[in-house]
Amino acid sequence: MAKAIFQKNQRVWVESVGAWAVIEKLVPVWARGFDEPVRVTYDVGLGRDFQAHELKPEQEPDDTLAEDGANWRLLRARNKWQTPENCRHHPYPGSYPVVVTDANDWGGWRTPGAEYDRDPHKIEFQARLIASSTRLLFVARGLMAVIEETPGAPPELQRLAEQAMKIDQYLKEVPASVDEPIAESAPHAAE
């Protein structure tokens, strides 16, 4: 019947209020004679429950598609080892970020709970960066194409395009087999 569109602890834009909020609770609406909820509403701590059409995710799904159709996105998972009261210093107490790279919400990047607890703001930044990397690659390739077509491009833009090309070449490299020696590490942005 009704499926939840948003998850607990997900950050959403509440259109009617004009503010960001975090989903505190999913509230299923049941009807007699049905085995599943007929509707799901969301408690964001603003005094009433909101329906899905009143909320917008932090990242729009269309915006997260890469040029190859990959949909890397940031989700929040429940922290099994700490209660929200024990981790009030976290940006989203009771949860941690998970970057999924598969359409079925699995595969991708996670971090150990102890590492997240040590520096949650750093891990939140890393999660946003990884989830945005496919779009950043698209921007870098666009920059390279524009510089290639522009004969008198400023030297600073040419330097940025060269750095982007080195990174793109590194990403396209096929990993060495077990018998071959390991190649140099990734090019650094400072080069």
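Is the crossing of helix 2 and helix 3 left-handed or right-handed? It's left-handed, and one of the views below zooms in on that pair. Keep in mind throughout that this is a predicted model.

**View 1. The whole chain, for orientation: nine strands and three helices.** Start at the N terminus and the elements read β-β-β-β-β-β-β-β-β-α-α-α, so to speak a run of strands followed by a run of helices. The protein has 191 residues, and 28% of them count as buried. Take the contacts with a separation of 6 or more: 46% of those come from residues 24 or more positions apart.

**View 2. Helix 2 against helix 3.** As a rule, a pair of packed helices is described by two things, the angle between the axes and the distance between them. Here helix 2 (residues 120–149) packs with helix 3 (residues 155–172) at about 125 degrees, and the axes are 9 Å apart. That angle is why helix 2 is called oblique to helix 3. The crossing, as noted at the top, is left-handed. On the helix 2 side, the contact is made by Leu137, Ala140, Arg141, Leu143, Met144 and Ile147. Helix 3 brings Leu157, Gln158, Leu160, Ala161, Ala164, Met165, Asp168, Leu171 and Lys172. Sort the contact by class and you get eleven nonpolar residues, three charged and one polar.

**View 3. Gln163, a residue of helix 3.** Buried or exposed, what is Gln163? Its relative accessibility is 13%, and since the cut-off for buried is under 20%, Gln163 counts as buried. Look across to Met144, one of the helix 2 residues in the contact with helix 3. Gln163 and Met144 sit 19 residues apart along the chain, and their C-alpha atoms are separated by 9.4 Å.

**View 4. The open sheet with the order 3-4-5.** Three strands make up this sheet, and the pairing is antiparallel. Strand 3 (25–29) and strand 5 (49–50) are the edge strands, each pairing on one side only. Strand 4 (residues 39–43) is joined to strand 5 by two bridges, and the two run antiparallel. To find a bridge in the view, pick out Tyr42: its partner in strand 5 is Phe50.

**View 5. The open sheet with the order 7-8-9, and the helix across it.** This sheet, too, is built from three strands with antiparallel pairing. At its edges stand strand 7 (73–78) and strand 9 (108–109); each has a single partner strand, so one side of each has no neighbour in the sheet. Strand 8 (residues 95–100) pairs with strand 9 over two bridges, in the antiparallel sense. Which residue of strand 9 stands opposite Val99? That's Trp109. Helix 2 lies across strand 7, strand 8 and strand 9, and runs at about 20 degrees to strand 8.

**View 6. Asn9, in the segment before strand 1.** Most residues other than glycine have a negative phi. Asn9 has a positive one, near 70 degrees. Where does Asn9 lie? You'll find Asn9 in the segment before strand 1 (11–14). With a relative accessibility of 13%, Asn9 counts as buried.

Methods:
Residues numbered from 1 in each chain as written. Predicted model: local features only at pLDDT ≥ 70, side-chain atom pairs only at ≥ 80, totals over all residues. Heavy atoms only, no water. Pairing = 2+ DSSP bridges. Helix = DSSP H or I, 4+ residues; strand = E, 2+ residues; numbered from the N terminus. Axes fitted to C-alpha atoms, helices over the stretch in contact; angles between N-to-C directions. Parallel < 35°, antiparallel > 145°, perpendicular 65-115°, else oblique. Left-handed = near helix turned anticlockwise from the far one by under 90°. Contact = heavy atoms within 4.5 Å. Nonpolar A, V, L, I, M, F, W, Y, C, P; charged D, E, K, R; others polar. Buried < 20%, exposed > 50% of the residue type's maximum accessible area, 1.4 Å probe, protein only.
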